[in-house]
Each structure stands twice: as structure tokens, then as C-alpha cells.
Amino acid sequence: MKEKNKDIGINDVLLEVRTYIHNEDSLKIVEHAANYASEKHAGQFRRSGEPYLIHLINVAYILAQLRCGPKTVAAGFLHDVIEDCGITKEELANEFDEEIADIVEAVTKIGTLRYKGKDDPEYQAANHRKIFIAMAKDVRVILVKLCDRLHNMRTLEYQPEASQKRIAAETLDVYAPIAHRLGISAIKNELEDLCFYYLNREEYHHIAHLVEIKKVERDAAVSHMIDEISDMLHQNHLQFRIFGRSKHLYSIYNKMVKKHKRFDQILDLLAIRIVTQTELNCYEILGYIHAKYKPIPGRLKDYIAMPKPNMYQSLHTTIIGDDGKIFEVQIRTEEMDSIAENGVAAHWRYKEGTNYNAKVEQKEIEDKLGWFKNFALYSEEESASGSASEYMATLQHDVFEANVYVMTPMGRVIDLPSGATPIDFAYRVHTDVGHTCVGAVVNGVMVPLNTELKTGDVIEIKTRKGTEPSEDWLQFVKTNQAKNKIRNFLQKKETEKRSEMIDLGEKYLRDELTRRGFDPKEYMDKKKLENIYHDFQVGTYVDFMYGIAVKSINPTVVTEKLTRQKARVANFEEQAINRIANRENVKHTPTKTGIIVPGIDSMKMSIAQCCMPVYGDPIKGFITKGEGVKVHRAMCPNIAHTNARLIDVKWDDDNTDRTYETEIIITARDRQFLATDVLTVISQFKAPIDKLSADVNHELLISTLRLTIRVRDVEHLNTIMANIRKVDSVVEVDRGCH
Ligand code: MN
């Protein structure tokens with residue numbers, strides 16, 4: 001790749017600036033910045049071996065080519081002094097002014113976070129969010145950053161290969177889309193081709209070769225067509241410039257890869273641009289061309305009447321030449337042409353004699369670039385909440401990949417990603433319009449809310465007060481913005497529902513206490529309740545009451561525990577316990593339960609049916625009246641207050657071939673096929689199911705599934721429970737305990 005403007009100096013920048021800035025004070029600012037940078041960076045060199053100043057000269061030069069104002073060009077010279085020369089923002093503000101210092105500081109902040117590649121998405125996203133927020137505040141920051149990146153890309157050959165790939169990948173992911181969105185296609189195209197070269201050299205050369213082999217032939221065809229059109233337009237006394245243009249390699253590659261086109265199927269390889277004076281001239285020229293050449297249907301695009309969201313305006317048509325060759329023709333005014341090349345920079349090109357106001361310009365950009373407003377809005381909303389990667393996904397998807405342009409009845413153009421629906425549109429118009437949307441009229445016809453919108457559609461949203469977003473919408477909306485808004489709404493509702501659940505839990509418990517003759521006021525005391533949370537495996541009041549409401553906690557058991565003051569222990573059993581505890585024999589015989597009582601050869605043992613321990617659970621033996629030892633899980637509430645009757649037991653590690661029956665309780669938002677999905681998970685892990693019961697609370701739409709399954713051990717059980725938790729709409733998975 002050839003490097004552009006290789007040998008330019010400070011004077012070249014000053015000369016370039018003088019073509020559009022004449023005010024001596026303004027020129028002095030630029031010159032001062034150049035000299036200051038030259039002095040501060042003295043003795044610093046780039047990897048290429050060149051003085052560091054060369055980089056700054058180039059960045060300032062590109063900014064001057066974009067016709068940026070004196071302060072922006074100055075910031076181009078100064079953009080690395082904070083980072084590389086240890087100059088503070090205050091020093092810079094004193095030497096120049098607050099505005100320049102602000103721009104340089106913002107550029108520096110973006111630069112200090114380094115792109116670490118796709119493997120570190122959160123970090124990368126956080127970095128990119130910074131870039132976008134900076135851009136939403138002052139677009140000049142991003143102009144400097146883009147020019148900085150462009151020059152770094154032009155000189156990327158001096159970097160080690162790993163850095164080349166990393167920098168090129170970031171440029172293609174982040175900077176090229178920004179340039180595109182700001183309409184600066186000159187920079188976007190150059191960045192893309194440079195990235196293409198470093199990321200996929202083989203394909204790059206392949207396409208460059210394809211372009212090269214037929215070049216002479218294509219050039220001849222284009223210049224023949226140019227002559228014909230020129231003659232025709234001259235005869236009609238029109239003023240115009242006409243020239244052939246070539247597509248940049250990356251866009252050819254993209255068409256071949258993304259649209260599965262062969263090289264010879266790409267229709268706009270033979271391309272002609274006509275630049276004229278007025279909008280009316282554009283349509284006139286189009287008329288003459290269509291009168292003479294056959295246009296290909298469906299290829300006429302009027303971006304003058306309907307500009308692209310990055311302000312691009314032009315007429316596009318594709319025509320068939322005399323010998324059957326296909327040409328793409330673009331027709332536009334000079335003003336449109338410069339905006340097509342330099343976008344934001346052209347539209348807000350520096351105008352002498354007017355008072356520059358960054359805030360006013362920023363506001364104008366928001367008004368003019370439809371997407372910029374959304375995007376500034378995301379930056380505000382999302383910087384306060386939500387993860388950086390969520391924010392990035394939203395931007396990337398909703399803003400950068402938007403390619404369907406639709407309109408409000410008032411003619412406001414809104415850009416959406418392909419596949420977007422009226423709901424996406426509604427949320428883009430306003431959150432409340434989205435929330436209360438009940439219908440959509442597209443081009444005068446009422447359509448279903450999941451209809452895919454097409455470019456040019458005019459959409460009117462019908463709303464009704466008091467309606468709410470439906471969870472079903474999540475199935476078909478395309479923008480992350482709509483998804484997030486719907487989810488937030490549903491979550492908020494869920495929280496409200498939760499507080500209703502707590503009320504319900506309290507009511508159930510109060511009723512139970514009253515029914516059994518206890519005073520709820522005395523027992524429903526938070527301190528008293530806290531003491532028994534651990535018996536039900538909950539940690540908070542909210543979880544406890546929620547558990548009662550969804551019936552995973554039985555208020556009868558709670559009442560018993562709350563009101564039982566003393567554990568009743570019979571004396572004769574105490575003696576038995578002491579006798580057992582004092583034995584020291586360590587020999588044991590495996591029992592059919594697979595459980596050993598250390599120190600005892602044989603003992604009548606059974607597994608407790610309340611908590612159903614499985615191999616690997618911490619366990620305790622409970623000495624019953626006449627039924628030997630019942631083995632409970634150590635945390636089983638039924639043995640919590642009976643320390644004296646407990647003995648140590650342990651699993652027999654030599655007897656692990658058996659399976660254990662145990663119960664799990666699944667709480668989920670009720671939906672179709674919930675049980676089927678849960679059973680599928682369980683069968684995947686080869687756990688036989690002995691019992692299944694389901695209970696739906698229709699009022700709260702909560703399902704409770706109780707399953708008795710057979711597992712090998714606690715690990716097996718935990719794996720199954722963990723996988724059930726992943727099933728859609730499942731809220732909680734617990735082990736049962738009666
Ligand atoms: Mn730099």
C-alpha cells in the first residue's frame with residue numbers, strides 16, 4: 001500500500017489552511033500549535049524512524065483537507081502532547097485556550113484505553129462507549145481521532161504483525177462505521193481498504209487483480225459512455241462535470257461475500273458520476289439519460305428527495321449502454337458531492353467571519369443527522385445504566401447496521417436495521433408510543449405488528465392509553481433499543497408483582513397462625529422469623545414470604561417452628577444416645593442404605609422421607625422411637641431443634657452403586673411446554689423420574705412442579721438443578737423438604 005502525502009511539512013499544512021482561512025489571528029493559532037508540537041515532541045521518533053512530528057503534521061493536514069476550523073487543526077497538531085509530553089490540560093489551556101485543551105484531552109482519553117481484540121469484549125465495549133460519548137459531546141473530537149487513526153493506518157507497515165491485525169480490526173469495527181455514519185466516505189473508504197489489506201491480504205490481492213485485468217477494457221467503455229452523455233448534455237446547454245469513478249476494493253469484496261455475487265455480476269463496476277449546479281439540473285439530466293438509455297427497473301434511487309441518514313444526497317440509476325454494457329450513473333450537485341465525500345465535515349465546514357459555537361453545531365448535527373440524536377440519547381441513557389457491551393450491541397446493531405429507511409406521516413426519515421417491525425419504529429419515535437402501541441398502518445394499510453418494514457414505507461402507529469407492551473413482542477422486534485425498553489418495562493412489572501407476592505405470603509402466614517389460635521402480631525416479628533430462615537434455605541424476608549406465596553414454604557411448618565419453644569426429649573432415648581456415643585469400635589458392615597454409623601456394626605437404618613438425602617449430602621442420624629436411625633440431611637428443619645437425639649453418620653464410600661430418591665421443586669412463570677422442557681433436561685442427565693406433580697397459581701401465573709427423581713449423588717443432582725435453572729421462565733429450583 002502506498003503511503004499518501006509522505007513528505008509534507010508544517011508549511012504544507014499552513015498553505016492548505018490558507019486556502020480557506022484568511023484571518024491572521026486564526027492562522028496564528030495553527031502556526032503556534034505547529035511550533036509548540038514541534039518543540040515538545042523534539043527528540044521523539046516513530047517506529048518508522050521518522051520524527052514524531054511527521055505524524056502530527058499529517059493529522060493536521062488531513063483535518064485541513066476536510067476544511068476544519070483553526071482550533072480543530074491546532075488540536076490535530078497537539079493531540080498527543082498530553083499523553084506523550086506530559087503536558088497538563090491546564091498548561092494547554094493557558095498556552096492556547098480552553099476549547100483546544102478540551103478537544104486534546106478528550107482525544108487523549110479515547111487513546112489511553114487500548115483495544116484488546118474480540119477476546120475481551122467488555123473492556124473493548126467500555127472503550128468504544130467512551131469514543132461514542134465523546135462524539136456525542138463534541139464531534140470535533142472524533143474528527144481529530146479519525147484523522148489520527150487514518151494516518152496510523154497509512155503507516156501501519158512499521159508495526160509488528162500482531163499490532164497490525166489488532167489495530168486494523170478495531171478500525172474496521174469502530175472507526176470505519178463512524179466515518180460512514182458521519183458521511184465522511186473519503187476517509188471511510190481509505191480506512192476500509194487499508195484494513196482489508198492488513199486483515200486479509202490474500203483476498204485483497206485477489207480482488208485488486210480482478211479489477212486490474214479488465215481495467216483497460218472498462219476504462220474504454222466508461223470513457224466512451226462519458227463522451228456520449230457529454231455530447232447529449234452539451235446539446236441541451238447544461239453545465240456539468242462528468243467522470244468515471246472506481247469502487248474501492250473492500251466494497252467489491254463485501255458485495256461478493258455478503259451478497260454472493262460473482263465479480264462480473266456486480267452492476268456498479270462501470271460507474272459514472274455527473275456533478276451539476278442545481279437540484280433541478282439533476283432531475284433534468286436524469287430525464288435526458290432515461291430518454292436515451294434503457295434504465296434497469298428498480299435501480300432508480302432518489303436520495304435527493306430522501307437523503308440517507310448520513311445526509312448523503314444523489315440520484316442513482318443503472319442504465320444499459322448501446323453495446324449491452326451496464327453502467328451505474330450518479331447525479332448530484334457540487335454541494336451534494338462534497339457532502340458525499342466529507343459528510344459532517346463538509347456540511348459544517350469552517351466558515352470565516354461567523355462565530356463558531358460548539359454547542360450550536362452539535363445541536364445542528366443532532367437535528368440534521370437523524371441517527372445522531374438517538375445515538376446521543378443512548379449515550380446519555382446507557383452511560384448511566386447497563387453494561388458497556390449492551391450499549392455497544394445497541395449502537396452497532398441499531399445505528400451502524402441500519403439500512404431500512406422509513407418515514408413518519410410527517411416525513412421524518414427513520415433508519416432501522418433490516419427486518420425491523422412497526423414496534424421497533426414505535427420505540428424509535430418515543431418510548432411511550434412503543435409501550436402503548438396497539439396497531440400499525442403502513443402505506444395506508446393496517447398491518448400486523450410483526451410486519452417487516454421496507455425502505456420507503458410510511459408508518460403510522462396507533463396507540464391506546466393504558467395498554468402495555470407484550471412479552472410476545474420480544475420474539476420479533478429487531479432493534480436492541482426496543483428489546484431493552486420492553487424488557488425494562490416487564491422487569492419493572494415483575495418487581496411490582498413481587499411486592500404483591502410478599503403481601504400474599506404474609507397473608508397466608510397470618511391466616512395460618514390465626515387459624516391455629518396464635519396471635520400473628522406476636523409471631524410475625526422479623527426477629528423471630530429471621531431465626532428460622534435457614535430452616536427453609538432462604539436468606540431474606542422477601543424470599544421467605546415469596547416462598548410462602550408460591551407454596552414452596554408451607555405455612556403450617558412455619559407456624560410449628562415459630563411456636564415451638566422447647567424441644568421435647570424423652571429420657572430413655574437420651575440414654576440410648578449416650579450408649580452409642582461412647583462405643584469406640586470402628587469396624588463396620590455396609591448396610592443396604594449405604595450409610596454407616598461410626599462405631600456401630602449394624603443398626604436399623606432408613607433414609608428420611610422428608611428431606612431425602614442423596615450420596616454426598618451432609619447427613620445426620622436421628623434416633624427414632626422404635627424405628628432405628630433415620631438419616632436426614634444435616635440442614636433438615638425437622639431435626640433442627642433436637643440436637644440431643646442426633647448421631648453422626650456417614651456415607652459408605654464402598655457402597656456407591658445405588659441411586660437415591662429425592663425431590664426437587666421448580667418455581668417458574670407459567671407457560672406452555674414448561675414441564676416438557678424440564679423433563680427433557682432431566683432425561684438428558686439420565687435421572688429416572690418417580691413422581692411428578694404440577695400446581696399452577698392462575699392468579700399469579702406461577703407454576704410449581706414437584707418431581708421425585710433418582711440420582712447417583714449430590715453432584716449429579718446439582719448438575720440437573722443447574723440445568724433446569726437455565727430453562728426459560730424458571731425462577732427457582734430447590735430441593736424439597738416436608
Ligand atoms: Mn496520534
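Arginine 67 sits in the loop between helix 3 (53-65) and helix 4, and that makes a good place to start a walk through this predicted model. From there we visit a manganese site with four coordinating residues, His55, His79, Asp80 and Asp148, then a helix pair, a mostly covered helix and a few loop residues worth a look.

**Backbone with positive phi**
- Although arginine 67 is not a glycine, its phi is positive, at about 65 degrees.
- Arginine 67 is partly exposed, because its relative accessible area is 25% and the partly exposed class runs between 20% and 50%.
- Lysine 686 is another residue other than glycine with a positive phi, here near 55 degrees.
- You will find lysine 686 in the loop between helix 28 (674-684) and strand 19 (689-697).
- With a relative accessible area of 68%, lysine 686 is exposed, since the cut-off for that class is over 50%.

**The manganese site**
- The manganese ion is held by NE2 of His55, NE2 of His79, and OD atoms of Asp80 and Asp148, at 2.2 to 2.5 Å.
- Along the sequence, these donor residues follow the spacing H-x23-H-D-x67-D.
- Aspartate 80 belongs to the loop between helix 4 (70-78) and helix 5 (81-85), while aspartate 148 belongs to helix 9 (residues 139-154), so this pair ties together parts that are 68 residues apart in sequence.
- Aspartate 80 counts as buried because its relative accessibility is 8%, and the limit is under 20%.
- Aspartate 148 likewise counts as buried, at 7% relative accessibility.

**Helix 10 against helix 11**
- The axes of helix 10 (residues 161-181) and helix 11 (residues 185-199) come within 9 Å and cross at roughly 155 degrees.
- That angle makes the two helices roughly antiparallel, because the class begins over 145 degrees.
- Their crossing is left-handed.
- Helix 10 brings residues including Ala168, Leu172, Tyr175 and Ala179 to the contact, and helix 11 brings residues including Ile187, Leu191, Cys195 and Tyr198.

**A mostly covered helix**
- Helix 20 (residues 422-429) has seven of its eight residues buried.
- Among the buried residues of helix 20 are Asp424 and Arg428, together with Pro422, Ile423 and Phe425.

**Asparagine 310 in its loop**
- Asparagine 310 is placed in the loop between strand 4 (301-302) and strand 5 (315-320).
- At 8% relative accessibility, asparagine 310 counts as buried.
- A polar atom of the asparagine 310 side chain lies 3.2 Å from the backbone nitrogen of tyrosine 312.

Definitions and conventions
Residues are numbered from 1 along each chain as its sequence is written. This is a predicted model: local features need pLDDT of at least 70, side-chain atom pairs count only at pLDDT 80 or more; totals for chains, interfaces and linings use all residues. Side-chain values use heavy atoms; hydrogens and water are left out. Donors are N, O and S atoms within 2.8 Å of the metal (3.2 Å for Na, K and Ca); water is not among the atoms, so sites may look incomplete. Helices (H or I, at least four residues) and strands (E, at least two) are DSSP runs, numbered from the N terminus. Buried means under 20% relative accessible area, exposed over 50%, partly exposed in between (1.4 Å probe, protein chains only). A polar contact is a pair of N or O atoms within 3.5 Å; within protein, one must be able to donate a hydrogen and the other to accept it, and residues adjacent in sequence count only if both atoms are side-chain atoms. Axes are lines fitted to C-alpha atoms, for helices over the stretch in contact, and angles run from 0 to 180 degrees between N-to-C directions. Angles under 35 degrees count as roughly parallel, over 145 as roughly antiparallel, 65 to 115 as roughly perpendicular and the rest as oblique. A crossing is left-handed if the near helix is turned anticlockwise from the far one by less than a right angle, and right-handed if clockwise. Contact means heavy atoms within 4.5 Å.
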